[in-house]
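Reader: Could you walk me through this model, with the cut-offs spelled out as you go?
Author: Happy to; here it is.

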Amino acid sequence: MRMAKGGSNKGEVLVSKFYEVKGDKVVRTRKFCPRCGEGVFLAEHKDRRTCGKCGYTEFKK
């Protein structure tokens, strides 16, 4: 997807931020959506986690 001149990339997140390498294993740093299943991560907000696909929301305590 190409942005127009002067466009903002504010909403883009690198997929590499979702994983962490510990030794010889890859660990996922974000939770999966319980409705959509593995492969769909929940977006991290200040007070909640949300799924962009189905709209599922978990509020943080």
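Author: One term first: buried means under 20% relative accessible area, exposed means over 50%, and partly exposed lies in between (1.4 Å probe, protein chains only). This is a predicted model, in which local features need pLDDT of at least 70 and side-chain atom pairs count only at pLDDT 80 or more, while totals for chains, interfaces and linings use all residues. Residues are numbered from 1 along each chain as its sequence is written, and side-chain values use heavy atoms, with hydrogens and water left out.

Reader: Thanks! Is Phe 41 buried or exposed?
Author: Phe 41 sits in strand β4, residues 37-41; strands (E, at least two residues) and helices (H or I, at least four) are DSSP runs, numbered from the N terminus. Its C-alpha atom is 6.8 Å from that of Cys 51, a residue 10 positions away along the chain. With a relative accessible area of 15%, Phe 41 is buried.

Reader: What is the order of elements along the chain?
Author: The chain has 61 residues, and buried ones make up 15% of them. Its secondary structure comes to 0 helices and 7 strands. Read from the N terminus, the order is β-β-β-β-β-β-β.

Reader: Which residue stands opposite Val 21 in β2?
Author: Val 21 belongs to strand β1, residues 19-22. β1 and strand β2 (residues 25-28) run antiparallel and are joined by 4 bridges; two strands pair if DSSP finds at least two bridges between them. In their hairpin, 2 residues lie between the strands, and Gly 23 takes a positive phi near 65°. Opposite Val 21 in β2 stands Val 26.

Reader: Which residues make the nonpolar surface patch?
Author: Patches are made of residues with over 30% relative accessible area and no salt bridge, joining like charges within 9 Å and nonpolar side chains (Val, Leu, Ile, Met, Phe, Trp, Tyr) within 5 Å. Accessible areas come from the Shrake-Rupley method with a 1.4 Å probe, and for residues only the protein chains shown count as cover. Val 21 is exposed, at 63% relative accessible area, so it passes the accessibility cut-off for a patch. The patch covers about 410 Å², and its members are Val 15, Tyr 19, Val 21 and Val 26.

Reader: Which residues does the UniProt "binding site" annotation cover?
Author: The annotation comes from an unreviewed UniProt entry and covers Cys 33, Cys 36, Cys 51 and Cys 54. Although spread over 22 residues of sequence, they cluster in space, with a largest C-alpha distance of 8.8 Å. UniProt positions are given in the numbering used here, feature names are shortened, and annotations may be inferred rather than shown by experiment. To name them once more, the residues are Cys 33, Cys 36, Cys 51 and Cys 54.

Reader: How many disulfides does a search of the whole structure find?
Author: A disulfide is a covalent bond between the sulfur atoms of two cysteines, and here it is taken as a pair of cysteine sulfur atoms within 2.5 Å. For Cys 33 the closest cysteine sulfur, in Cys 54, is 3.7 Å away, so the two are too far apart for a bond. Cys 36 also has its closest cysteine sulfur in Cys 54, at 3.7 Å, again too far for a bond. The number of disulfides found in the whole structure is 0.

Reader: Is Cys 36 buried or partly exposed?
Author: Let's set it beside Cys 33, which lies in strand β3, residues 32-33. Cys 33 is buried, with a relative accessible area of 2%. Cys 36 has 27% relative accessibility, so it counts as partly exposed.

Reader: Where is Lys 31, the salt-bridge partner of Glu 58?
Author: A salt bridge is a side-chain nitrogen of Lys or Arg within 4 Å of a carboxyl oxygen of Asp or Glu, and the closest N and O atoms of Glu 58 and Lys 31 are 3.1 Å apart. The pair links distant parts of the chain, 27 residues apart, with Glu 58 in strand β7 (residues 57-59) and Lys 31 in the loop between β2 and β3. Glu 58 is buried at 16% relative accessible area, whereas Lys 31 is partly exposed at 38%. The place of Lys 31 is the loop between β2 and β3.

Reader: Which residues do salt bridges that share partners join into one network?
Author: The whole structure has 6 salt bridges, one of them between Glu 44 and Lys 60, at 3.1 Å from N to O. That pair spans 16 residues, from Glu 44 in strand β5 (residues 43-44) to Lys 60 in the segment after β7. Through shared partners, one network joins Lys 31, Glu 44, Arg 49, Glu 58 and Lys 60.
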